[in-house]
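User: I would request a close look at a single part of this structure, with attention to how its strands pair and turn. Please give one connected account.

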Protein chains: 2
Amino acid sequence: MAPTLHADLGFLGFLLGTWRGTGTGGYPTIEPFAYREEMVFEHVGEPFLLYRQETWDATTGNVVHLERGFLRPGDTDGSVELCLAHPLGLTEVASGSVEDGSITLEAGPKQIVRTATGLDVARVLRRYHVVDDTLTYELDMATDRTPLTWHLSATLERMA
Amino acid sequence: MAPTLHADLGFLGFLLGTWRGTGTGGYPTIEPFAYREEMVFEHVGEPFLLYRQETWDATTGNVVHLERGFLRPGDTDGSVELCLAHPLGLTEVASGSVEDGSITLEAGPKQIVRTATGLDVARVLRRYHVVDDTLTYELDMATDRTPLTWHLSATLERMA
């Protein structure tokens, strides 16, 4: 039996489900690219959401990126926290807020930890927008060599 | 069709699979407890393993803890890196080494980032041992108030 959504997560309930769609990426240091994506927000009755996403190259079908983590209510009304692991050799703790189906989350240098071989990501800014069963997002990123710059945009639809 | 294991992951191949079993936990600040656990190491053909685990209270069946992340080869032969998200409001970047089926991974205060509401974990020491289809592990933890102290031990069996 599916657990009941934790009372503290009501304001994040609009994210629940499996989302699929396509996006485009770019950055000053790489060639533009197109991708397919699946993003899942689910819960287990506890006061956090499980978040995972996977993207594939739109042409080759090869895995491009994965993220695994947890979204939690923050310490004030409408605030949220994201704890995320990346396969690129880094973790990200982002904080932000939710308003009218939009979520903004930002992680700076003190919230991003790299492994010895990890990518030199220095800042990540995420903006998610949900209207009914459509989720769009934009992600900006800074590295040690590049200031905060647009990196990803995608549009996903909620699966039944 | 399942992808081929990336050549860089040969030394971690003994972890692959779904592991289930039971464990016990304790800490100076909490009551001892028993748990059931499922741990999964899988791959997508890229040079990292996906790691996830979930534990349930042995008596009530309630979810106790989850971890989601990635295990990667480090910058020297036999070294490994773990990037991990916890639902407790923290991320962990651990580094360590693999030898004869044993993995030791440690994360200190600079590798652990907490959210505003995150648990005050300061250090985590993980030791995994695999013999054939049996995986045992011990986990020690330090918080701001408690020095590095035993927290978890479990024995899991690899599922077919």
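Analyst: Strands are here DSSP runs of E with at least two residues, numbered from the N terminus, and two of them pair if DSSP finds at least two bridges between them. The model is a predicted one, and the part examined is centred on strand 6 of chain A.

Strand 5 (residues 79–86) of chain A and strand 6 (residues 90–99) of chain A run antiparallel and are joined by eight bridges. Within this pairing, S79(A) lies opposite S97(A) of strand 6. The hairpin formed by strands 5 and 6 of chain A has three residues between the strands, and there G89(A) adopts a positive phi near 90 degrees.

Strand 6 of chain A is also joined to strand 7 (residues 102–107) of chain A, again antiparallel, by five bridges. Here S97(A) has T104(A) as its bridge partner in strand 7. Two residues separate the strands in this hairpin, where D100(A) takes a positive phi near 50 degrees.

A further antiparallel pairing, over three bridges, links strand 6 of chain A with strand 8 (residues 112–114) of chain A. In strand 8, R114(A) stands opposite L90(A).

Strand 5 of chain A, which spans residues 79–86, also bears on the cysteines. There are zero disulfides over all chains. The sulfur of C83(A) is too far for a bond, because the closest cysteine sulfur, in C83(B), is 14 Å away, whereas a disulfide requires a pair within 2.5 Å. C83(A) is buried, with a relative accessible area of 0%, and C83(B) is likewise buried, at 0%.

Note on methods
Residues are numbered from 1 along each chain as its sequence is written. Chains are lettered from A and ligands numbered from 1 in the order in which they are written. This is a predicted model: local features need pLDDT of at least 70, side-chain atom pairs count only at pLDDT 80 or more; totals for chains, interfaces and linings use all residues. Side-chain values use heavy atoms; hydrogens and water are left out. Buried means under 20% relative accessible area, exposed over 50%, partly exposed in between (1.4 Å probe, protein chains only). Helices (H or I, at least four residues) and strands (E, at least two) are DSSP runs, numbered from the N terminus.
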